[in-house]
Amino acid sequence: MELIRGFQHFRPRHRGCVATIGAFDGVHLGHQAVLRQLIAKGREMGLPSTVVIFEPLPREFFSPDEAPARLMSFREKFIALRDLGIDRVMRIRFTPDFRDMTANEFIHKLFVAGLGVKYIVVGDDLRFGRNRSGDFDLLRKFGKIDDFEVVDTSTLEVTGERVSSTRIREVLACANFDMAERLLGRPYSISGRVIVGQQLGRTIGTPTANMELHRLRSPLSGVFAVEVYGADKVMRPGVANVGVRPTVGDLSKAILEVHILDFKQNIYGRNIKVVFRKKLREEHKFDGLDALKAQIARDVEQARRYFDL
């Protein structure tokens, strides 16, 4: 799958495609239905499929302190789109200049001059351009002039409720991982590269693999029983903490750290996937490292019981 890194990287080969645009946070079942519809239309028309996304997300740009927690980092989203069979991702950097672009300019620059789009599928609540003045109806007006078709998406429901990123955030906040899996079509996970941390875990007998979350805030917080993939060739059970480590008090933003049970290999630099299965407790501040060490031992024992080890 090809990544187009902004308007300046458009090439003649990118003209002529079917496209959609949105946040696609989580790439959940509702998103997947839209994307499969797009891929099928592309095959019917003999055209590549292109997904247009913003980075950062508009709400993160305008109100970073109030923006919702991300379900996915950009890298995770890219991989999920690739695995579904999307041909290209167009990433638009959300900047002050882009914010000031009119809706008409946006449509012409992106869909007409840049992508030469022939078919667009979007939500009928889509808003874009300066002051959010662009919408579904404006796209359809351009389509009649520039010869492209615009269709809206249908709503997908699970247990009588609309599948949405907002709903998934709500069930994750309640640690309802079974429902999150039903809405996503797969277990909820966080993936990333293992980085070198303070190595405090080694000093208290529970070494951890640390990962940056690459998002303003996490949809999860606390201590969890998890499955770890990518440390070696098999699934490894573990205990993960997502948070700011209040006992140590050295973090301004959350990270994920996972202790892989009965595992001692060096995996720095390796990409791993952490699948969340059960919440064990909230993150707490303890009175010193001895109290923290004792609690971690209890967490590990809980995880062992969960995995029947």
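**Entry 1: α5 against α6**

I began with the pair of helices α5, residues 103–114, and α6, residues 136–146, and found that they pack at an angle of about 50° with their axes 11 Å apart. That angle makes α5 oblique to α6, and I noted that the crossing of the two is right-handed. I keep in mind throughout that this is a predicted model.

I then looked up which side chains and backbones meet there: on α5 the contact is made by A103, N104, I107, F111 and V112, and on α6 by L138, L139, F142 and D146. Sorted by class, this contact of α5 with α6 has 7 nonpolar residues, 1 polar and 1 charged.

**Entry 2: α7 against α8**

Next I turned to α7 and helix α8, the latter covering residues 177–184, and read off an angle of about 160° with the axes 8 Å apart. Angles over 145 degrees count as roughly antiparallel, and α7 and α8 are therefore roughly antiparallel to each other. The crossing in which α7 passes α8 is left-handed.

For the contact itself I listed R167, I168, V171 and L172 from α7, together with F177, M179, A180, L183 and L184 from α8. By class, I recorded 8 nonpolar residues, no polar ones and 1 charged residue where α7 meets α8.

**Entry 3: the largest pocket**

I moved on to open space in the model, and noted that the largest pocket holds about 1500 Å³. Its lining is made by 46 residues, and those that lie nearest the centre of the pocket are G22, A23, F24, D125 and L126.

Which elements each supply at least two residues of this lining? I found β2 (17–21), α1 (29–45), α2 (58–62), α4 (96–99), β5 (117–122) and α7 (165–173), so that α7, whose packing on α8 I had just described, appears here again as a contributor to the largest pocket. The largest share of the lining, 5 residues, comes from α1. As for chemical character, I divided the lining of the largest pocket into 21 nonpolar, 15 polar and 10 charged residues.

**Entry 4: the second largest pocket**

The second largest pocket contains about 430 Å³ of space. I counted 20 residues lining this pocket, with M72, E76, A80, R186 and S189 the closest to its centre. Two or more lining residues are given by each of α3 (74–84), β9 (189–193) and β14 (271–281), and the largest share, 6 residues, comes from α3. The lining of the second largest pocket divides into 10 nonpolar, 5 polar and 5 charged residues.

**Entry 5: backbone details**

Finally I went through the backbone for particular geometry, and I noted that a cis peptide bond joins E55 and P56, with omega about 0°. I placed P56 in the loop between β3 (49–55) and α2; α2 is also one of the elements that supply residues to the lining of the largest pocket.

Which residue has a positive phi although it is not a glycine? I found N131, with a phi of about 60°, and its place is in the loop between β5 and α6. Of the two elements that flank N131, β5 is among those that line the largest pocket, while α6 is the helix that packs on α5 at about 50°.

How values were computed:
Residues numbered from 1 in each chain as written. Predicted model: local features only at pLDDT ≥ 70, side-chain atom pairs only at ≥ 80, totals over all residues. Heavy atoms only, no water. Axes fitted to C-alpha atoms, helices over the stretch in contact; angles between N-to-C directions. Helix = DSSP H or I, 4+ residues; strand = E, 2+ residues; numbered from the N terminus. Parallel < 35°, antiparallel > 145°, perpendicular 65-115°, else oblique. Left-handed = near helix turned anticlockwise from the far one by under 90°. Contact = heavy atoms within 4.5 Å. Nonpolar A, V, L, I, M, F, W, Y, C, P; charged D, E, K, R; others polar. 1 Å grid on protein atoms, 1.4 Å probe; cavity = no way out; pocket = protein on both sides within 12 Å on 5 of 7 lines; lining within 4 Å. Points joined across faces, edges and corners; volume = space filled by probe spheres on them.
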